[in-house]
Amino acid sequence: MEVRTRKIKAEDYQIRGGRMKKCKKNRKNVKKITLANQLSLKKLLSLSSNSENNSQIMKKECVLVCGGAGYIGSHTTVELINAGYDVVVVDNFSNSDISAVENVRKITGAEIPCIEADCCDMEAFRKVFEKYDFNSAIHFAASKAVGESVQKPMMYYRNNLTSLMNLIDLMREFGRQNIVFSSSCTVYGEPDKQPVTELTPRKPATSPYGNTKQISEDFLRDSVAAYEGLKSIALRYFNPIGAHPSALIGELPRGVPQNLVPYVTQTAAGIRECLSIFGDDYNTPDGSCIRDYIDVTDLAKAHVAAINRMVEGKSEERYEVFNVGTGRGVSVLELVNKFQEVNNVKLNYKIAPRRAGDIIAIWADPTRANTVLGWKAERTIEETLASAWAWEKHLRGIK
Ligand code: UDP
């Protein structure tokens, strides 16, 4: 195995290996780190190197968060720490920034070992298992843009499936038990009936991304059935939006945002000229598509509930599935109007043609998560849209 380190040598921070191409790509990403982030990085590195024997120091139950620098991963790390867990983050920063981990440290005041490694790189990933003593892992380390997956299907299959297979193999090899998986309501396809329950049949996926979520769920179901000692919960997310109330972490899309709310906030900030609303001629009350928008902090808390359930031995089955949504369907036009109202801003928008591959309407029946998992969405859509705007303003230095 080839292990490469950056000029700043910090084993705790960085475990790297494998193919030259990946390393080059990572080096490119590293170059993008701003001066401010480099300062943060140094602070992080010095903290990490002070904690050579993290696994010995840690007394609390520890959770590995794969993709912990990302949007949902960073919010979940905050909530895990608030709930009394220790967290180890592993991330390849392919679609995230080290500043997110630094800001999670600021919010929580906790020491968070952060390892730069690609979960697809088995040897690098194995080192994380050798070094840290966790019994639970949450798997966020995957690509997530539907449109991109149609353009680059092999990248999606390779990245999303290899990283999960490696995780399952390593959990078995090291005798670790619990896996929480980031699934998606995309597994339901275009449902015949609303709202969807966990028993609503999964329809053929409409994109390679959706297909990776279905296949990943199957990997977990079959692995748990075959390998004693493994337990898993798949959380089927609806549409995560918003940001942490501190406005220190939030969604950080690279390039032009693919999702609605980052596009809305960037338009409000003047970065994008005009929001396109994809279709107003659907068979819905106002003609635009309907989704179940779930606050990212609420979603993060669902992961804590899932970890608690497995750690406390409360799972009824060794593989379980929960919808994580609010139960509230909101149309694109409603969301845009609410955003303007709540934040007192004017959005420049136009009606554009339908977007290929869009599901017309989907929202959750969250009864099972409410009653069995003991989790419920709490924040109102107004609070969430205010937090999304606060985060965008924080990012752009808007008062
Ligand atoms: N949408 C839109 N304009 C945009 C981005 C998204 O009208 O710039 C619509 C999209 O067609 C869908 C809804 O917003 O009806 C949610 O899309 P998003 O990409 O955020 O999530 P998805 O449900 O597709 O995963």
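This briefing walks through a sheet, a few helices, two side-by-side residue portraits and a ligand site. The model is a predicted one, so keep that in mind as you look around. At its heart for our purposes is an open sheet of 7 strands, paired in parallel. There's also a ligand, with 15 residues around it.

**The sheet**

- Reading across, the strand order is β3-β2-β1-β4-β5-β6-β11.
- The edges belong to β3 (114-116) and β11 (319-324), each of which pairs on one side only.
- From one strand to the next, the twist averages 20°.
- β1 and β2 run parallel and are held together over 5 bridges; if you want a spot to look at, Leu64 has Val88 in β2 as its bridge partner.
- On to the next pair: β2 (residues 86-91) joins β3 through 3 bridges, again in parallel.
- Asp91 sits opposite Glu116 in β3.

**Strand β1 up close**

- β1 covers residues 62-66, and 5 of its 5 residues are buried.
- Which residues of β1 point one way, and which the other? Cys62, Leu64 and Cys66 go one way, while Val63 and Val65 go the other, and all are buried.

**Helices α4 and α9**

- α4 (residues 71-82) is a 12-residue helix that reaches 17 Å from its first C-alpha to its last, close to the 16 Å expected.
- Most of α4 is tucked away, with 11 of its 12 residues buried.
- The buried set in α4 mixes residue types, including Ile72, Val78, Leu80 and Ile81 as well as His75 and Glu79.
- Right after α4 comes Gly84, with a positive phi of about 100°.
- α9 (residues 208-226) lies across β5 (178-184), β6 (231-237) and β11. Relative to β5, α9 runs at about 155°.

**Arg309 in α11**

- Arg309 belongs to helix α11, which spans residues 296-311.
- Buried or exposed? Arg309 counts as buried because it has 22 C-beta neighbours inside 10 Å, and the cut-off for buried is 20 or more.
- Setting aside residues up to four places away in sequence, Arg309 touches Ile233, Lys314, Ser315 and Leu373.
- Val372 is 63 residues away from Arg309 along the chain, yet their C-alpha atoms are separated by 9.6 Å.

**Lys338 in α12**

- Lys338 has its place in helix α12 (residues 332-343).
- With 17 other C-beta atoms within 10 Å, Lys338 comes out as partly exposed, because that category falls between the 12 or fewer of exposed and the 20 or more of buried.
- Beyond its neighbours within four places in sequence, Lys338 is in contact with Ile381, Glu382 and Leu385.
- For Lys338 and Leu385, 47 residues apart along the chain, the C-alpha atoms are separated by 7.9 Å.
- Worth recalling when you look at contacts like these: an α-helix has 3.6 residues a turn, so residues three or four places apart point the same way.

**The ligand shell**

- Of the 15 residues around the ligand, the closest are Asn259, Leu260, Tyr263, Phe278 and Cys289.
- What is the make-up of the shell, in nonpolar, polar and charged residues? There are 8 nonpolar, 4 polar and 3 charged ones.
- α10 (260-268) and β8 (275-278) each bring at least two residues to the shell.
- The largest share, 4 residues, comes from β8.

Definitions and conventions: Residues are numbered from 1 along each chain as its sequence is written. This is a predicted model: local features need pLDDT of at least 70, side-chain atom pairs count only at pLDDT 80 or more; totals for chains, interfaces and linings use all residues. A residue is near a molecule or strand if its C-beta atom, placed from the backbone, lies within 6 Å of it. Ala, Val, Leu, Ile, Met, Phe, Trp, Tyr, Cys and Pro count as nonpolar, Asp, Glu, Lys and Arg as charged, and the others, Gly among them, as polar. Two residues are in contact if their C-beta atoms, placed from the backbone, lie within 7 Å. The expected span of a helix is 1.5 Å times one less than its number of residues. Two strands pair if DSSP finds at least two bridges between them. Axes are lines fitted to C-alpha atoms, for helices over the stretch in contact, and angles run from 0 to 180 degrees between N-to-C directions.
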